[in-house]
Amino acid sequence: VQLVESGGGLVQAGGSLRLSCAASGRTFSSYTMGWFRQAPGKEREFVAAISWIAGSTYYADSVKGRFTISRDNAKNTVYLQMNSLKPEDTANYYCAARSGRIPGPGDYDYWGQGTQVTVSS
């Protein structure tokens, strides 16, 4: 399984970014895909997750209403649309996958390399 993130960068507070995660190596119809982030000196935290087959979603309270997770089955790609970005959203963002159809935090089996998001004030 390979997960490759892209779309990170530098943005001003209040701006938007869209992260992408291209997945390959297996059929993901029975998988849940998640986004996590880790800021310097902090533990990795859950951001959002989506059930690949049903499209049901789950968000951390800190991003609810600002971030949207979605997937394109034809492209085997998961997206994280991030709006109204804040400096505290600055982190390395990781895509992850696990078997199962219920989205949420917890243990994930496969991880990407991460993409850096920096929000300036």
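Visitor: Leaving aside its neighbours within four places in sequence, which residues is T77 in contact with?

Guide: T77 is in contact with S20, C21, A22, W52, S70, R71 and D72. The model is predicted. What qualifies each of these as a contact is heavy atoms within 4.5 Å.

Visitor: Where is T77 found, and why is T77 called buried?

Guide: T77 is found in strand β8. Its relative accessible area is 9%. Buried means under 20%, so T77 counts as buried.

Visitor: What does the side chain of T77 reach?

Guide: The side chain of T77 reaches the backbone oxygen of K75, at 2.9 Å. The cut-off for a polar contact is 3.5 Å, and 2.9 Å falls within that limit.

Visitor: Now T115. Why does T115 count as buried?

Guide: The relative accessibility of T115 is 10%. The limit is 20%, and 10% is under it, so T115 is buried. T115 lies in strand β11.

Visitor: What does the side chain of T115 reach, and which residues does T115 touch?

Guide: The side chain reaches the backbone nitrogen of G8 at 3.1 Å. That value is within the 3.5 Å allowed for a polar contact. Not counting residues up to four places away in sequence, T115 touches E5, S6, G7, G8, L19, A91, N92 and Y93.

Visitor: How many disulfides does a search of the whole structure find?

Guide: The search finds one disulfide.

Visitor: What makes C21 and C95 a disulfide?

Guide: The S to S distance for C21 and C95 is 2.0 Å. The sulfur atoms must lie within 2.5 Å, so the pair qualifies. C21 lies in strand β3 and C95 in strand β9, so the pair ties together parts 74 residues apart in sequence. Both cysteines, C21 and C95, are buried.

Visitor: Is the disulfide of C21 and C95 left-handed or right-handed, and why?

Guide: The torsion about the S-S bond is about -75°, so the disulfide is left-handed.

Visitor: How many aromatic pairs does the search of the whole structure find?

Guide: The search finds eight aromatic pairs. One of them is F36 with F46.

Visitor: Why is the pair of F36 and F46 called edge-to-face?

Guide: Take the centres, then the planes. The ring centres are 5.6 Å apart, and the limit for a pair is 6.5 Å. The planes stand at 75°. Planes over 60 degrees apart count as edge-to-face, so this pair is edge-to-face.

Visitor: What parts of the chain does the pair of F36 and F46 link?

Guide: F36 is in strand β4, residues 31–38, and F46 is in strand β5, residues 45–51. The two are ten residues apart. Both F36 and F46 are buried. Together with Y58, Y108 and W111, F36 and F46 form one aromatic cluster.

Visitor: How do you know that R44 lies over the face of F36?

Guide: R44 is 5.9 Å from the ring centre of F36. The cut-off is 6 Å, and 5.9 Å is within it. R44 also lies over the face of W111, at 3.9 Å from the ring centre.

Visitor: How many residues has the largest nonpolar core, and which have the most contacts inside it?

Guide: The core has 35 residues. Those with the most contacts inside it are M33, W35, L80, M82 and Y93. β3, β4, β5, β7, β8, β9 and β11 each supply at least two residues of this core. Not counting residues up to four places away in sequence, M82 touches G15, S16, L17, L19, R66, F67, Y93 and V117.

Visitor: Why is S24 called partly exposed?

Guide: S24 has a relative accessible area of 32%. Partly exposed lies between the 20% and 50% limits, so S24 fits. S24 lies in strand β3. S24 touches V1 and Q2, not counting residues up to four places away in sequence.

Visitor: How far apart are S24 and N76 in sequence and in space?

Guide: S24 and N76 are 52 residues apart in sequence and 7.1 Å apart in space, C-alpha to C-alpha. N76 is in the loop between β7 and β8. At 24%, N76 too is partly exposed.

Visitor: What is the phi of N76, and what is the phi of S84?

Guide: N76 has a positive phi of about 55° although it is not a glycine. Phi of S84 is near 50°, a positive value, and S84 is a residue other than glycine. S84 is in the loop between β8 and β9. Its relative accessibility is 40%, so S84 counts as partly exposed.

Technical notes
Residues numbered from 1 in each chain as written. Predicted model: local features only at pLDDT ≥ 70, side-chain atom pairs only at ≥ 80, totals over all residues. Heavy atoms only, no water. Phe/Tyr/Trp six-rings, centres within 6.5 Å; stacked < 30°, edge-to-face > 60°. Helix = DSSP H or I, 4+ residues; strand = E, 2+ residues; numbered from the N terminus. Buried < 20%, exposed > 50% of the residue type's maximum accessible area, 1.4 Å probe, protein only. Lys NZ or Arg CZ within 6 Å of the ring centre and 35° of its normal. Core = buried A, V, L, I, M, F, W, Y, C linked by side-chain atoms within 4.5 Å. Polar contact = N/O pair within 3.5 Å; in protein donor to acceptor, adjacent residues only side chain to side chain.
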